[in-house]
Amino acid sequence: MAFSFTKWQGCGNDFVLVNGFREQLPDDLAALSRRVCDRHYGIGADGLILVLPSQQADFRMRIFNADGTEAEMCGNGIRCFAGVVHAEGLSGEAEFTVETGAGVLVPRLQLAGSRLTGVRVDMGEPILEGERIPVLGFGASRVIEQPIEAAGETFSMTCVSMGNPHCVIFVEDAQAVPMEKFGPLLEQHEKFPKKTNVEFAEIKDASHIRMRVWERGAAVTLACGTGSCATLVAAALTGRTKREAEVQLDGGRLQIEWAANNHVYMTGPAEKVFAGRYE
């Protein structure tokens, strides 16, 4: 089955996007994602994103990781999703609603004339109760600076869900962390029944964070939007930063705000890389 696609990236987190209003896809989307995301034998991407109709919102977003697992949401992905909606003329509005596995989210396009310069997304409210993230053993309590062990080392974790689970660990030097060693062990740790994304974050000052990420289902990526949101929330909860900060990732920078209404807002780029046809 052949279909047209566009490739987009947000801070280096890259995705294959397919307009489901126009294209037909095979039933086995997990297998398709594994094929198209393969960087040697496929198109190459961190995930496959489908732009679909919705009965609850203006659009519906589905995202499959490079390993074929379906994720609830993706922060960089939803900005790229918004870019496709704009670029392919699916909406003439600067703001619209998107149904995701983490609820209905609201991207707002930042435009210079017709040119997309960025996307600001209302990511909703962070989930802080352990049983809802989920993290085993904490019930309805928050999981703030709690010990977790991997490869013989004990880390202090603060856990947040932005519709998908995150384990944030503050370190002195994020660049020095051996991601391939600790990432998969923490992702699949027994405390996380749905696995977890893992962020290693270094506080530069009260308004700047350096963060690196091991993404559930995708391994090390250049950026993670929901991870940046979770990291800012964790940093604010533990008194390390203000409730608004710039998060510097391997692939770029995002501006994150945990506003007074308890919603988290993420602002960052979304850029089209190329278009093609997959056969």
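This is a short talk on the fold, the cores and the cysteines of one protein chain.

Keep in mind that this is a predicted model.

Let's start with the whole chain. The secondary structure comes to four helices and 18 strands. How compact is the chain? Its radius of gyration is 18 Å. The globule rule gives 19 Å for 279 residues, so the chain is as compact as a globular protein of that length. Along the principal axes, the C-alpha atoms fill a box of roughly 50 × 40 × 35 Å.

Next, contacts. Take those with a separation of 6 or more. Of these, 60% join residues 24 or more positions apart.

Now the surface and the inside. The chain exposes about 11700 Å². Carbon and sulfur atoms supply 44% of that area. Of the 279 residues, 55% are buried.

What sits inside? In soluble globular proteins, nonpolar side chains tend to be buried together. Here, the largest nonpolar core has 53 residues. Which members touch the most others? They are Met 61 and Phe 81. Helix H4, residues 225-237, gives the most to this core, with seven residues. Apart from this core lies another one, of 20 residues. Its members include Ala 150, Met 157, Val 177 and Phe 200.

Find Met 61 on the screen. Leave out residues up to four places away in sequence. Met 61 then touches Ile 49 and Leu 50, and also Met 73, Cys 74, Gly 77, Ile 78 and Phe 81. Val 98, Glu 99 and Thr 100 complete the list for Met 61.

Now a loop residue. His 189 lies between helix H3 (179-187) and strand E12 (197-205). Is His 189 buried or exposed? Its relative accessibility is 15%, so His 189 counts as buried; the cut-off is under 20%. Leaving out residues up to four places away in sequence, His 189 touches Ile 148 and Glu 149.

Last, the cysteines. A disulfide is a covalent bond between the sulfur atoms of two cysteines. How many disulfides does the structure hold? Zero. Why is Cys 11 not bonded to Cys 80? The sulfur of Cys 80 is the closest cysteine sulfur to that of Cys 11, but it is 9.1 Å away, too far for a bond. Cys 11 is buried, with a relative accessible area of 4%.

Cys 167 is in no disulfide either. Its nearest cysteine sulfur, that of Cys 159, is 4.6 Å away, and the cut-off is within 2.5 Å. Cys 167 is buried too, with a relative accessible area of 0%.

Methods:
Residues are numbered from 1 along each chain as its sequence is written. This is a predicted model: local features need pLDDT of at least 70, side-chain atom pairs count only at pLDDT 80 or more; totals for chains, interfaces and linings use all residues. Side-chain values use heavy atoms; hydrogens and water are left out. A nonpolar core is a set of buried Ala, Val, Leu, Ile, Met, Phe, Trp, Tyr and Cys residues joined through side-chain atoms within 4.5 Å. Buried means under 20% relative accessible area, exposed over 50%, partly exposed in between (1.4 Å probe, protein chains only). Helices (H or I, at least four residues) and strands (E, at least two) are DSSP runs, numbered from the N terminus. Contact means heavy atoms within 4.5 Å. The radius of gyration is taken over C-alpha atoms; the globule rule is 2.2 Å times the number of residues to the power 0.38. Accessible areas come from the Shrake-Rupley method with a 1.4 Å probe; for residues, only the protein chains shown count as cover.
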